[in-house]
Amino acid sequence: LGIVIWSLLLWTESLAALQVVQVLYGAYMASEVAYYTYIYAKISREKYQQVTGNTRAAILLGRFLSGVISQVLVSTGAMNVRDLNYITLGNPTLPNNEPNESVENGTATAKTIDAQPKARFSASRAVRLLWKHLISAYRQLPVVQWSLWWALAMAGFIQVQVYVQLLWHEIDQQQGTLFNGGAEALLTLLGAMSALAAGYIANRIFEQWALWILTVCSGLQGGLIFYSGFATNIWVAYVLYILFGTLYLFMVTMASAIVAKYLEEDSFGLIFGINMFVAVGVQALLTLATISERGLMLDPRDQFKVYGGYFLVLSIIYLIAAIAASVARVWRLRREARAASANAGVERSVATAERCEPATVSG
């Protein structure tokens with residue numbers, strides 16, 4: 001599939017071909033969900049956070065290396081932006097030697113064919129199973145809290161990442177794209193470091209104060225992107241984008257680990273896939289509203305003001321939820337305190353009555 005995508009990018013120029021590329025690229029990137037979810041099937045639940053951080057860090061380090069190589073090739077004039085697609089095209093065509101034996105628990109075992117008959121596929125049974133996993137996952141409040149932020153924040157991040165190049169060109173038209181690749185590479189490097197750190201930070205604090213943390217992080221992201229719409233210095237714009245992306249990559253790593261912790265073993269792909277589907281859907285709506293002819297058709301600066309406002313609205317939503325949860329918690333603690341006080345009063349009354357009863361009888 002990757003070969004088809006980059007072949008179309010290199011040797012076609014029609015709008016219809018580019019639309020086909022978009023569809024195929026979406027299917028191509030969907031495999032990332034399978035990769036992120038497959039790792040959880042191979043480790044114990046206690047290691048979910050660490051392996052999430054390590055996996056995301058590995059992917060980001062690969063992107064960092066790609067960005068550095070691309071920047072060097074373009075800056076030295078060895079290749080232009082279009083020529084870089086030849087490198088990407090050559091990557092999927094590299095030989096992939098499959099081993100003849102499978103290794104499990106450190107020992108090599110020959111692959112065997114299971115002689116038992118396979119169960120027949122049942123569509124109704126599959127739907128019932130998916131519905132069961134769906135209800136089991138989303139009835140848990142941490143899954144809802146973090147999944148909602150994950151999907152909405154990912155939509156905003158994708159939108160910013162796709163159109164930030166236009167903003168940079170608007171800010172400094174003379175420079176063009178000279179250092180844009182370097183900024184992207186630095187983001188992936190810092191993002192890899194933040195993802196790695198997220199894998200080893202105790203997530204109890206993030207679970208206990210989830211709503212407040214998501215409120216603050218969304219507000220910071222919104223402020224950074226909103227200010228980008230007013231930036232007049234390209235280096236300031238680079239810094240704002242890198243800070244925004246690093247914060248997002250740290251938080252999305254924590255979100256993945258926390259959500260996975262509450263899921264059943266067979267539902268990782270379902271919930272992660274739903275989150276990414278919602279993210280892509282919201283991102284499409286953002287594109288339709290801000291860029292398309294049917295929408296506002298905003299210039300790059302106004303687009304980023306809208307994206308900043310999007311994250312600020314997300315922050316306000318979580319702020320309202322955090323305040324409501326805090327008020328509910330205070331009322332619950334007060335009720336428990338009153339109930340405990342009432343029970344203590346009853347116990348004291350009973351104890352007093354028991355002490356007085358022998359004296360009355362003897363009198």
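**Entry 1: transmembrane annotation**

I started with the UniProt record, an unreviewed entry, and its annotation "transmembrane region" covers residues 16-38, 148-166, 178-202, 209-229, 235-260, 267-289 and 309-331. I then checked two of these spans in the model, which is a predicted one. Residues 16-38 come out as 96% helix and 0% strand, and the C-alpha atoms at the two ends are 34 Å apart. For residues 267-289 I also got 96% helix and 0% strand, with 33 Å between the end C-alpha atoms.

**Entry 2: the whole chain**

Next I looked at the overall picture. The protein chain has 13 helices and two strands. Of its 363 residues, 35% count as buried. I also looked at contacts between residues at least 6 apart in sequence, and 78% of them join residues at least 24 apart. The exposed surface is about 21,800 Å², and carbon and sulfur atoms supply 65% of that.

**Entry 3: how far to trust it**

The mean pLDDT of the chain is 83, and 86% of the residues score at least 70. Which elements sit at the two ends of the confidence range? Helix α10 (residues 210-228) has the highest mean pLDDT, 96, while strand β1 (residues 101-104) has the lowest, 40. Over residues 96-115 pLDDT stays under 50, and I found nine contacts there beyond four places in sequence. Where pLDDT is low, the predicted coordinates should not be read in detail. I left that stretch alone.

**Entry 4: the largest nonpolar core**

This core has 70 residues, and W146, M251 and F272 touch the most other members. Which helices supply at least two residues each? They are α3 (31-38), α4 (48-75), α7 (141-171), α8 (180-198), α10, α11 (234-261), α12 (268-290) and α13 (300-362). The largest share comes from α11, with 18 residues.

I then clicked on F272. Leaving out neighbours within four places in sequence, F272 is in contact with V33, Y36, T37, Y40, W150, S256, V259, A260 and L263. Apart from the largest core lies another one of five residues, including I5, L10, V21 and L89.

**Entry 5: helix α1**

Two of those names, I5 and L10, took me to helix α1 (residues 2-11), where the buried residues are G2, I5, W6 and L10. Why do they end up on the same side of α1? They cover an arc of only 125° around the axis, so they share one side of α1. An α-helix has 3.6 residues a turn, so residues three or four places apart point the same way. What covers the buried residues of α1 includes α2 (15-29) and α5 (84-90).

**Entry 6: S228 and P300**

My last stop was a pair of single residues. S228 lies in helix α10. Is S228 buried or exposed? Its relative accessible area is 3%, so S228 is buried. Not counting residues up to four places away in sequence, S228 touches L167, I171, L240, R301 and F304.

P300 lies in helix α13. At 16% relative accessibility P300 counts as buried, because the cut-off is under 20%. With residues up to four places away left out, P300 touches L166, L167 and E170. L167 is on the list for S228 and on the one for P300. I also checked P300 against W168: they are 132 residues apart along the chain, yet their C-alpha atoms are separated by 8.8 Å.

Terms used. Residues numbered from 1 in each chain as written. Predicted model: local features only at pLDDT ≥ 70, side-chain atom pairs only at ≥ 80, totals over all residues. Heavy atoms only, no water. pLDDT = per-residue confidence, 0-100. Helix = DSSP H or I, 4+ residues; strand = E, 2+ residues; numbered from the N terminus. Contact = heavy atoms within 4.5 Å. Core = buried A, V, L, I, M, F, W, Y, C linked by side-chain atoms within 4.5 Å. Buried < 20%, exposed > 50% of the residue type's maximum accessible area, 1.4 Å probe, protein only. Arc of directions from axis to C-beta. UniProt positions renumbered as here; feature names shortened; annotations may be inferred. Areas by Shrake-Rupley, 256 points an atom, 1.4 Å probe, with all protein chains shown as cover.
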